[in-house]
Amino acid sequence: EGMIEVFKWKQMDFHNRGDGSNGPVVGIGPVRKPVPSEDLPIVFPGRYGRDRKKRDVITSRDVNPIGISARTITSNDDTPYIAYNNVPMGATHFQGRLFVTMPRRRVGIPSTLNFIDMRREGKQGSSPKLYAYPDFETNQFNHSSRNLVSVYRTTVDDCQRLWFIDTGMLEYPNNRQQIRRPSIWIVDLKTDRVIKRFDIPESIAETGRGLASLTIDIENKRDCSAAYAYIPDLVYRRLYVYSLAQNRMWSFEHNYFNFDPLAGDLDIGDQTFRWDDGIFSITLGPHQNDGSRSVYFHPMASNNEFVVSNRVLQLESNAARSDHGNDFRVLGSRGEKKQSTMHVYDPRTQVVFYDEIQTNGVGCWNTKKPFSAANHGTVVANAREMIYPSDLTIDADGTIWVMTNSMPIFIYSTLETDVYNFRIWKQNVHEAKRNTVCE
Ligand SMILES: O=C(O)c1cc2cc(O)c(O)cc2[nH]1
């Protein structure tokens, strides 16, 4: 019942900080060089400008809304590791490796994509150091235009591939720099080789700023090339579709991708602030007999859930329609103060599990029951130890993984470095729904 604390950190640390202090680690973790499938152009900092005009205004994430400046450690831009600046965001488990992302929202982040080797360093309640993935060099954004800049979250598909978006952006406060095109990456987890990198065209997404997650739709495991990625853009409030088979991308717009102006006032970790994040998380229901499936989605600054068929999204010509008719539908409201970052449908229990940011916990909805506030349950809520659940994933064994990262305190106040600020939790899906309305 509830969630089990797996790891906790006061500050995040790395096996390779890049400053020689603990030296490159030899003989642990994958050492193969990733091989991108295409020649990539060199792109210079500033080429893509700061941001598109519409949102050139400073957002509440840049400055404290009541004017008190949060602690910022800038040092100089070359410092490879500044412990305080490392705030983990994503957590995805695959066969003993737990992938942990560290978006580059400050300087001093040695590697944006990392993993914990659970077999070597899986002791419950410990604070393991991170290994860069697929290797340290690929994480050095200033060494090559082929390298990673900033990753928010990852996902593993049914073909044992790790997918993620490199936003291509250094998201420093009041100084965002789009240093190369945002790109979709696919890594084969059996070989740790990069098997695909797709640069997202400027005609689709002006910047990579709001590309914080993606969801992969594969109709049949025997055809791994027939994969679609559904990508919410929380800043420009669009839903992008990438077809691996066609190597093409298209973009949907809909009012349902917008935040709810009445649900943007948040009170988390003793910070009160207003956010305007639009469509944020996408999850897929079960395959129907005709192969179609429901695509559930929600904006973050909203209590509402919506749904569309994957067949609608998969047809590029639908994206160009000015009127989507009834293709996109409102499911309903989860209830007051039920804003959510990530959510995932679990096929074993037919339950959707989701991060709740205002209650600092995990909620659930059994898809066999009508979508009503009364049918949403609480798996766990803990305002002291689960401040701001930033990611929720479910692995192939039916284990839920949750990252809590105290993000609002980092942005608007100061993290205490002698308390545990970051935690990773887990729970079996059947246990998670036990004694809740989701049974
Ligand atoms: O992943 C998130 O929670 C996230 C990323 C991101 C980037 C950004 O520029 C925003 O304004 C909000 C935001 N949320």
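Biologist: Which residue of strand 17 is the bridge partner of L266, and what makes strand 16 and strand 17 a pair?

Modeller: In this predicted model, the partner of L266 in strand 17 is F273. Four bridges join strand 16 (residues 265-268) to strand 17 (residues 271-274), and since at least two bridges are required, the two strands count as paired. They run antiparallel, and the hairpin that they form has two residues between the strands, with G269 taking a positive phi near 60°.

Biologist: Why is N366 called partly exposed?

Modeller: N366 has 19 C-beta neighbours inside 10 Å, whereas a buried residue needs 20 or more and an exposed one has 12 or fewer, so N366 falls in between and is classed as partly exposed. The residue lies in strand 24 (residues 361-366), and, leaving aside neighbours within four places in sequence, its contacts are Q350, V351, N375 and C438.

Biologist: What makes V437 partly exposed, and where in the chain does V437 lie?

Modeller: Around V437 there are 14 other C-beta atoms within 10 Å; this lies between the limit of 12 or fewer for exposed and that of 20 or more for buried, and therefore V437 is partly exposed. V437 belongs to the segment after helix 5 (429-433), and, with neighbours within four places in sequence set aside, it is in contact with N375 and G377. In space, V437 and V187 are 38 Å apart from C-alpha to C-alpha, with 250 residues of separation in sequence.

Biologist: How do you know which strands are the edge strands of the sheet with the order 1-28-27-26?

Modeller: In this open sheet of four strands, where the pairing is antiparallel, strand 1 (4-9) and strand 26 (389-394) each pair on one side only, and these are the edge strands. The twist from one strand to the next averages 15°. Within the sheet, strand 27 (residues 399-404) and strand 28 (residues 422-428) are joined by six bridges; the threshold is at least two, so they qualify as a pair. One of the residues involved is T399, whose bridge partner in strand 28 is N428.

Biologist: What makes strand 10 and strand 11 a pair, and to what sheet do they belong?

Modeller: Six bridges join strand 10 (residues 183-188) to strand 11, and because at least two are needed, the pairing is established. I184 stands opposite F198 of strand 11. Both strands belong to an open sheet of four strands with the order 6-7-10-11 and antiparallel pairing, in which strand 6 (151-156) and strand 11 (193-199) are the edge strands, each pairing on one side only. Neighbouring strands of this sheet are turned against each other by 20° on average, direction ignored.

Biologist: How many residues make up the largest nonpolar core, and which of them touch the most other members?

Modeller: The largest nonpolar core has 114 residues, and A229, Y230, Y242, V352 and F353 touch the most other members. V352, leaving aside neighbours within four places in sequence, is in contact with T283, Y296, H343, V344, Y345, C364, W365 and T367.

Biologist: What can be said of the protein chain as a whole, in its helices and strands and its buried residues?

Modeller: The protein chain holds five helices and 28 strands, and 47% of its 439 residues count as buried. Among its contacts with a separation of 6 or more, 59% are between residues 24 or more positions apart.

Methods. Residues are numbered from 1 along each chain as its sequence is written. This is a predicted model: local features need pLDDT of at least 70, side-chain atom pairs count only at pLDDT 80 or more; totals for chains, interfaces and linings use all residues. Two residues are in contact if their C-beta atoms, placed from the backbone, lie within 7 Å. Axes are lines fitted to C-alpha atoms, for helices over the stretch in contact, and angles run from 0 to 180 degrees between N-to-C directions. A nonpolar core is a set of buried Ala, Val, Leu, Ile, Met, Phe, Trp, Tyr and Cys residues joined through C-beta atoms within 7 Å.
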